[in-house]
Amino acid sequence: MNTPPSDVSRVTCVGAGVIGGGWVAHFLARGYDVTAWDPAPDAPEKLRRLVDAAWPSLTRLGLAEGASPDRLRFAATLEEACAEAQFVQESAPEKLELKRGLLAELDAATPEGVVIASSTSGYPMTDMQTEAAHPERLLVGHPFNPPYLIPLVEVVGGERTDRSAVEWASRFYEAAGKSVITMERELPGFIANRLQEALWREALHMVANGEATVQEIDDSITEGPGLRWAFMGPCLTFALAGGEGGMGHMLDHFGPSLKSPWTRLEAPELDRALRDAMVAGCEEAAAGRSIADLVAERDRGVIDVLRATGRLPGEASA
Ligand SMILES: NC(=O)C1=CN([C@@H]2O[C@H](COP(=O)(O)OP(=O)(O)OC[C@H]3O[C@@H](n4cnc5c(N)ncnc54)[C@H](O)[C@@H]3O)[C@@H](O)[C@H]2O)C=CC1
Ligand SMILES: C[N+](C)(C)CC(=O)CC(=O)[O-]
């Protein structure tokens, strides 16, 4: 790749809607010069409004030196937007054929050696890079809404993507203040969306069958597991369900109920290999912290989240 990841100063964002606009706000707040392009006639005004609305939050979070909304330029054409880009983030509609054609256009308009990342929510890059002349620099950089507040970006290449481009993109996103998961294998929906979609499909089933209301579904998360998930993922959280016995005891105790018809998703066979992999994975994630350490960390975190969201009895939100 041409420019070392930490030396990038100019970013191009193509597609400036909900997510593309969020990317623009993020890169501006991190002190980059941002060139945007979007075919919608009202895109420049909508983008300015989005950036202006986000700026107070970004200021509260802390702006990079020299960060300014004034460093946003809206290009007249896609070609103009890409001509001097050091990195391109595509955020056009989630339509496979549109992305195929657009990524080929971006490839043709962007200097060789410059990485082009798609914000796609789930399409494998292998399926999108089919028409590009230089597919080796095309990859997925999947963000979470809004990209200027939610740090995660999932990075994964397609079959024709160079590993060096994936490594470059991961280092660039880290330099740009993102929290990066670099996936070793393509997986439709990547990691977090596969988990979100499992929950989302179950929610739709319950509403469709009159088993729960939208409010009950949302309350079940915000008043329950969601409090923990802000700082402890589902695996370590469930390891604590095993008490001092950790994930091993949790699986031994609750494993048989895994096959209970509590979900419309097919459960995997909880064989010895899977059990051992979960136990080992949780021990690695615990990174030397005991169950007692993790319980104390969880409890501190739940109290902080309750306080931050004004739900600690007797305390207003911060
Ligand atoms: N909305 C979300 O929560 C998230 C969306 N994404 C992904 O980001 C991408 C964009 O989604 P949204 O921002 O939600 O959609 P959106 O509909 O808000 O924005 C899409 C933008 O693309 C523009 N556009 C249409 N045709 C175009 C073309 N040929 N070239 C360039 N721009 C074009 C539209 O004018 C619009 O401004 C999708 O791939 C989506 O899966 C990823 C993570 C979260
Ligand atoms: C609803 N969605 C699939 C577009 C969501 C994402 O892709 C990530 C997010 O922001 O949750």
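## The sheet

In this predicted model, eight strands come together in an open sheet with mixed pairing. Reading across it, the order is β3-β2-β1-β4-β5-β6-β7-β8. The edges belong to β3 (72-74) and β8 (179-182); each has a single partner strand, so one side of each is left without a neighbour in the sheet. On average, neighbouring strands are turned by 25 degrees against each other, direction ignored.

Strands of a sheet pair through backbone hydrogen bonds, and they can do so either parallel or antiparallel. At the β3 edge, strand β2 (residues 33-37) and β3 run parallel and are joined by three bridges. If you would like a spot to look at on screen, try Val34, which stands opposite Leu72 in β3.

## A helix across the strands

Helix α4 (residues 96-109) is a good next stop. This helix lies across four strands: β1 (10-14), β4 (88-90), β5 (116-118) and β6 (138-142). Relative to β4, helix α4 runs at about 165 degrees. The same helix turns up again below, as it is one of the elements that give two or more residues to the shell around ligand 1.

## Around ligand 1

Which residues are the closest to ligand 1? They are Ile19, Asp38, Glu94, Lys99 and Ser121, out of 21 residues that surround this ligand. By character, the shell divides into 10 nonpolar, eight polar and three charged residues.

Several polar contacts involve oxygen atoms of the ligand. Asp38 has a side-chain N or O atom 2.6 Å from an oxygen atom of ligand 1, and a side-chain N or O atom of Ser121 also lies 2.6 Å from an oxygen atom of this ligand. Ile19 takes part through its backbone, with an N or O atom 2.8 Å from a ligand oxygen. On its own, ligand 1 has 820 Å² of accessible area, and the protein covers 73% of it. Two elements, α1 (18-29) and α4, each give two or more residues to the shell.

## Around ligand 2

Ligand 2 is surrounded by Ser121, His142, Pro143, Phe144, Asn145, Asn193, Gln196 and Glu197. Ser121 is therefore a residue to keep in view for both ligands, being listed around ligand 2 and among the closest to ligand 1.

Here a polar side-chain atom of Ser121 lies 2.9 Å from an oxygen atom of ligand 2. The side chain of Asn193 also places an N or O atom 2.9 Å from a ligand oxygen, while for His142 the corresponding distance is 3.0 Å. Of the 320 Å² of accessible area that ligand 2 has on its own, the protein covers 59%.

How values were computed. Residues numbered from 1 in each chain as written. Chains lettered and ligands numbered in written order. Predicted model: local features only at pLDDT ≥ 70, side-chain atom pairs only at ≥ 80, totals over all residues. Heavy atoms only, no water. Pairing = 2+ DSSP bridges. Axes fitted to C-alpha atoms, helices over the stretch in contact; angles between N-to-C directions. Contact = heavy atoms within 4.5 Å. Near = heavy atom within 4 Å. Polar contact = N/O pair within 3.5 Å; in protein donor to acceptor, adjacent residues only side chain to side chain. Areas by Shrake-Rupley, 256 points an atom, 1.4 Å probe, with all protein chains shown as cover. Nonpolar A, V, L, I, M, F, W, Y, C, P; charged D, E, K, R; others polar.
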